[in-house]
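Got your viewer open? Take a look at the model below, and then we'll walk through it stop by stop.

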Amino acid sequence: MSGTTLSQFFLALALVLGCAKLFGWLARLVGQPRVVGEICAGLLASPMVLSPELVAVILPGEVKPLLSVVADIGLAAFMFAAGYELDLSMLYRRASGSLGLLIGSILCPLALGAGVALFLADQYAPAHRTAFVLFVALAMSVTALPVLVRILADRGLSGTPVGNLSLGAAAVGDLTAWVCLAGVVAYAGERVRCVSSCCRSISFCWSWRGRR
């Protein structure tokens, strides 16, 4: 790695962290969790908003893989820590509530996603209608687990009965949905990059095992 690339990496990292901090602070001003502002900052810095030329200046091509690695490591460590701090005994005492929340959190978006996919299948995937419907339905049922963890932390709900119940149901549902999604991808005969998301869910659940 050249000195120029290293300098660009640290400049880009400082810019990303600074923008996330700024937009997180702005989100708190309007009563939203900081993670909402950080997501908005990411969207505003994407090619959907900025021109490709400007994105290339802000985040040079040789810097993006380095930032991606740092982000994946940080997110995996964050999820492991969140899972380690979860009180499993509370989940076991509320098994019926956890099961009900888990089923509802999966079935409701699954049904809505299937309805939308059925409406769009003829236009976007007429030759693979079944696989398209299953894929969209399962994709809609996956929870943004890192975002949920951040929201609970910002609201001071981490470690509370509500927070533990939400995280437990989301983690199990997330892992189940990703496994089913991998099966749908195999059924469709295509490859999709979902390894990092599966690893984050597995690391979260594995950290629970360390508390038992």
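## The whole chain

Follow the chain along its sequence and you'll read the pattern α-α-α-α-α-α-α-α-α-α. That's 10 helices and zero strands. Keep in mind that this is a predicted model. Of the 212 residues in the chain, buried ones make up 32%.

## Stop 1: two rings

Select Phe-9 and Phe-10 and show their side chains. They form an aromatic pair, and the structure holds one such pair. A pair of aromatic rings is described by the distance of the centres and the angle of the planes. For Phe-9 and Phe-10, the centres are 5.2 Å apart and there are 65° between the planes. The pair counts as edge-to-face because its angle is over 60 degrees. Is Phe-9 buried or exposed? Phe-9 is buried, with a relative accessible area of 9%.

## Stop 2: a nonpolar patch

Now turn on the surface and pick Leu-22, Trp-25, Leu-26, Leu-29 and Val-30. Together these residues make a nonpolar surface patch of about 520 Å². Zoom in on Val-30, which sits in the loop between helix H1 (3–29) and helix H2 (34–44). Val-30 counts as exposed, at 62% relative accessibility.

## Stop 3: a network of charges

Hide the surface and select Arg-34, Glu-38, Arg-150 and Asp-154. These four are linked in a network of salt bridges. How many salt bridges are there? The count is three, and you can visit them one by one.

- Arg-34 and Asp-154: their side chains meet in a salt bridge at 2.9 Å, N to O. Arg-34 belongs to helix H2 and Asp-154 to helix H8, so this pair ties together parts that are 120 residues apart in sequence.
- Glu-38 and Arg-150: here too the side chains meet in a salt bridge, at 2.9 Å from N to O. With Glu-38 in helix H2 and Arg-150 in helix H8, the pair ties together parts that are 112 residues apart in sequence.
- Asp-154 and Arg-150: this salt bridge spans 4.0 Å, N to O. Both residues lie in helix H8, four residues apart, about one turn of the helix.

Next, colour these residues by accessibility. Arg-34 is partly exposed, with a relative accessible area of 32%, and Glu-38 is also partly exposed, at 25%. Asp-154, on the other hand, is buried, at 15%.

## Stop 4: along H8

Stay with helix H8 and select residues 145–154. Which residues of this helix are buried? They are Leu-145, Leu-148, Val-149, Arg-150, Leu-152 and Asp-154, so two members of the charge network turn up in this list. Step past the helix to Gly-156, which follows H8 and has a positive phi, near 70°.

## Stop 5: the largest pocket

Last stop: some empty space. Rolling a probe the size of a water molecule over the atoms shows where empty space is left. The largest pocket holds about 1,300 Å³ of space. Its lining has 34 residues, and the ones nearest its centre are Val-16, Ala-20, Glu-38, Gly-42 and Ala-71. The elements that give two or more residues to this lining are H1, H2, helix H3 (52–58), helix H4 (64–84) and H8. Which element gives the largest share? H4 does, with nine residues.

Before you close the viewer, click on Glu-38 once more. You've met this residue twice: in the salt bridge with Arg-150 and among those nearest the centre of the largest pocket.

Conventions
Residues numbered from 1 in each chain as written. Predicted model: local features only at pLDDT ≥ 70, side-chain atom pairs only at ≥ 80, totals over all residues. Heavy atoms only, no water. Phe/Tyr/Trp six-rings, centres within 6.5 Å; stacked < 30°, edge-to-face > 60°. Buried < 20%, exposed > 50% of the residue type's maximum accessible area, 1.4 Å probe, protein only. Patch = residues over 30% accessible without salt bridge, like charges linked within 9 Å, V, L, I, M, F, W, Y side chains within 5 Å. Areas by Shrake-Rupley, 256 points an atom, 1.4 Å probe, with all protein chains shown as cover. 1 Å grid on protein atoms, 1.4 Å probe; cavity = no way out; pocket = protein on both sides within 12 Å on 5 of 7 lines; lining within 4 Å. Points joined across faces, edges and corners; volume = space filled by probe spheres on them.
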